[in-house]
Every structure is written in structure tokens, then in C-alpha cells.
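This report describes selected parts of one protein chain. The sequence and the structure come first, and the description follows.

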Amino acid sequence: MKVFKNFKDYTSQKPLALSLGMFDGVHLGHKSIIDELINVGSQNDLETAVLTFWPHPRFVFNPDENLKLLNTLEEKKFLMKKYNIENLFLKEFDEEFRNLTGEEFVRQILIEKLNVKYLIIGYDHSFGKNKSGNFELLQKLSRELNFEVEQMEAINIHENNISSTKIRNALSAGNIKEANEMLGYSYSVSGTVVHGKKIGRTIGYPTANIETESIKLLPKKGAYIVEVFVKNKQYKGMLSVGTNPTVNGEKLTVEVYILDFEGDIYDEEITVKFRDFLHDEIKFEGLEKLIERLDDDKRLTEEFLF
């Protein structure tokens with residue numbers, strides 16, 4: 001997969017089958033668009049491409065909004081490559097770009113610069129200044145500019161449309177299985193193992209503290225069953241998102257106890273995949289009660305079938 005941060009760096013070798021949007025999460029709805037891109041590309045000798053924005057335009061329009069994303073940039077690139085997209089355009093949503101009307105965007109970017117011959121958009125997608133670009137505009141311009149356009153239907157699970165917002169809401173409510181079902185894969189968080197207060201090791205549950213990217217959405221505070229990937233090996237783990245109220249913690253941390261693991265992994269990159277929710281964050285009366293609950297959580301984690 002070729003990645004372009006600037007349209008000027010792109011020289012068209014073949015016409016493109018392209019889709020545009022944020023693709024946050026690269027969920028099953030997005031996957032249906034990608035599958036159709038690949039199908040159209042193979043039938044019409046077109047290269048596949050996705051045009052997305054980084055950082056998210058909402059950071060530009062609403063800088064005070066505390067928006068958290070389902071994917072870091074590296075995760076988004078990984079998923080696009082995994083799903084066999086050939087060209088990924090990561091456009092910065094700058095002042096010049098945000099002032100393009102929908103029609104100017106189609107003429108100047110999609111046709112003149114990228115040589116798009118087949119355009120696929122999601123069921124609710126709009127673009128351009130004041131959201132002036134929509135499916136009706138694309139249909140009108142397609143006849144003049146000689147490209148085809150297709151609008152995909154929404155993908156439903158349990159009669160609900162899949163969307164990035166619904167996945168964020170599910171994660172924020174601790175509904176891991178629901179979120180994973182919409183994503184089509186297990187939600188993950190990656191980061192570097194850093195030093196913590198080291199209280200866990202004094203009670204028989206040493207944890208790895210994970211420093212995550214600030215834009216990454218963390219599920220609601222609580223305890224989770226996770227898969228842990230460290231040093232190219234996979235383990236079961238029990239993970240806590242919270243402030244450690246039992247020991248009067250204040251800072252939000254992500255800590256994971258890795259089952260059947262020993263070793264120093266400070267400064268190592270670690271990835272955890274969320275599989276199930278155990279319980280909300282609890283302030284226990286003392287360490288003995290905390291250990292009892294950790295023992296229960298460990299048993300449930302050991303019994304969980306991955």
C-alpha cells in the first residue's frame with residue numbers, strides 16, 4: 001500500500017476507484033465499501049484508493065471538543081493495508097481545503113489530480129464547504145466529468161446501522177462485545193510499558209502500565225478480559241482502566257496483569273485486545289477485598305475461551 005500525505009506527491013499511473021471519509025474504526029460498514037472498491041477495481045482495471053483526513057476535521061472545527069478516536073494513525077494504516085487498499089491519501093484538513101465547495105473538490109481534487117473514474121460514498125456522506133457535496137451533486141457531475149458514482153447502503157447489525165459514533169458509545173458504556181461485533185475485530189489499545197506505583201507486585205498481581213496515545217478512546221472505567229501481545233507472543237490478561245481508588249489514585253491509568261508471564265517489559269510496545277467486560281471500577285474497603293476480587297477476575301479470565 002502506498003501512502004500519500006500530499007496530492008502533489010501522487011502521480012496517476014492508473015485511474016482510481018476511490019472512496020472518501022473519516023473511516024474511523026475501519027468498521028464493518030467501511031469494510032463493505034472497501035470490498036466494493038476492490039470488486040470494482042478488478043472488474044475495470046482501476047487501482048483502489050481511500051481518501052481520508054488526518055487529523056480528524058472535528059479537531060479543526062471544534063478544538064475544545066474532547067473527541068477520542070477509535071484508531072490511531074498507525075492502526076488506520078494497518079487496517080487499510082490488511083484490507084488490501086492500494087493507495088491511501090491522508091489529507092490535512094487545512095484552511096485551503098476546508099474552503100473548497102463540494103463541486104470544486106470533485107473537479108480540482110478527485111478528477112484533475114487523482115483521476116478518479118469510480119467513486120463510492122457511504123449512505124450518509126457529505127463533503128465540501130457547508131456540506132455542499134452530496135450524492136445528488138456527484139450524480140450530476142459524473143455525467144459531465146465521465147466518472148461513475150455509487151452510494152452504499154448502511155450495514156446493519158441487529159437492525160441497527162453501524163457507525164463510528166455507535167461504536168464509541170458502546171465502548172464508553174463497557175459494551176465490548178457489541179463494539180467488537182460492529183468493528184468486525186477486537187478493539188485494541190497499544191502503547192509503551194512505563195513505570196507505575198508498583199502496588200500490584202506487593203499483592204501478587206504485578207501489572208504493566210500502558211502509556212497510550214492521547215487521542216485514543218479508552219473504554220469506560222472498569223476491569224476487562226483481554227488478549228495481550230508482547231514480544232511477538234500472545235497471553236491472556238485482566239486489564240483495568242481507572243484511577244485505582246482503593247489506594248487513593250487520581251491519574252487515569254491502563255494497567256494489565258498478564259497471566260502466566262514473568263519478565264521485565266519496561267519500555268516495550270504492548271497491545272491489548274478487549275474481549276469482555278468484567279465489572280465497573282470499584283473502591284474496596286481494603287487490599288484484602290481487592291485481592292479477593294482479583295482472584296475472582298483471574299478465574300473468570302482463565303475460563304474465558306479466546
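Strand β12 (residues 233-242) pairs with β13 over six bridges, in the antiparallel sense. The model is predicted.

**Strand β13 and its partners**

Within the pairing of β12 and β13, G242 stands opposite T253, and V241 has V254 as its bridge partner. Strand β13 is also joined to β10 (residues 208-211), by two bridges, and these strands run antiparallel. Here A208 is the bridge partner of V256. The residue pairs that involve β13 are set out below.

| Residue | Bridge partner in β13 |
|---|---|
| G242 | T253 |
| V241 | V254 |
| A208 | V256 |

How many of the residues of β13 (residues 253-258) are buried? Six of its six residues are buried, and the strand is described as mostly covered. In a regular strand the side chains alternate between the two faces of the sheet. In β13, T253, E255 and Y257 lie on one side, while V254, V256 and I258 lie on the other. Both faces are covered, since the residues on either side are all buried.

**The barrel**

Strand β13 belongs to a closed barrel of six strands, in the order β9-β10-β13-β12-β11-β14, with antiparallel pairing. Neighbouring strands of this sheet are turned by 45° against each other on average, direction ignored. Two strands of the barrel, β11 and β14, also meet a helix: α8 (residues 176-183) lies across β11 (222-230) and β14 (269-280). The helix runs at about 130° to β14.

**Two residues elsewhere in the chain**

T52 is found in strand β3, which spans residues 47-53. Is T52 buried or exposed? T52 is buried, because its relative accessible area is 0%, and buried means under 20%. Leaving aside residues up to four places away in sequence, T52 touches G21, M22, F23, K76, L88, F89, L90 and K91.

V60 sits in helix α2, which covers residues 57-61. Its relative accessibility is 30%, so V60 counts as partly exposed; this class lies between the limits of 20% and 50%. With residues up to four places away in sequence not counted, V60 touches F93 and R98. V60 and I282 are 222 residues apart along the chain, and their C-alpha atoms are separated by 37 Å.

Note on methods: Residues are numbered from 1 along each chain as its sequence is written. This is a predicted model: local features need pLDDT of at least 70, side-chain atom pairs count only at pLDDT 80 or more; totals for chains, interfaces and linings use all residues. Side-chain values use heavy atoms; hydrogens and water are left out. Helices (H or I, at least four residues) and strands (E, at least two) are DSSP runs, numbered from the N terminus. Buried means under 20% relative accessible area, exposed over 50%, partly exposed in between (1.4 Å probe, protein chains only). Contact means heavy atoms within 4.5 Å. Two strands pair if DSSP finds at least two bridges between them. Axes are lines fitted to C-alpha atoms, for helices over the stretch in contact, and angles run from 0 to 180 degrees between N-to-C directions.
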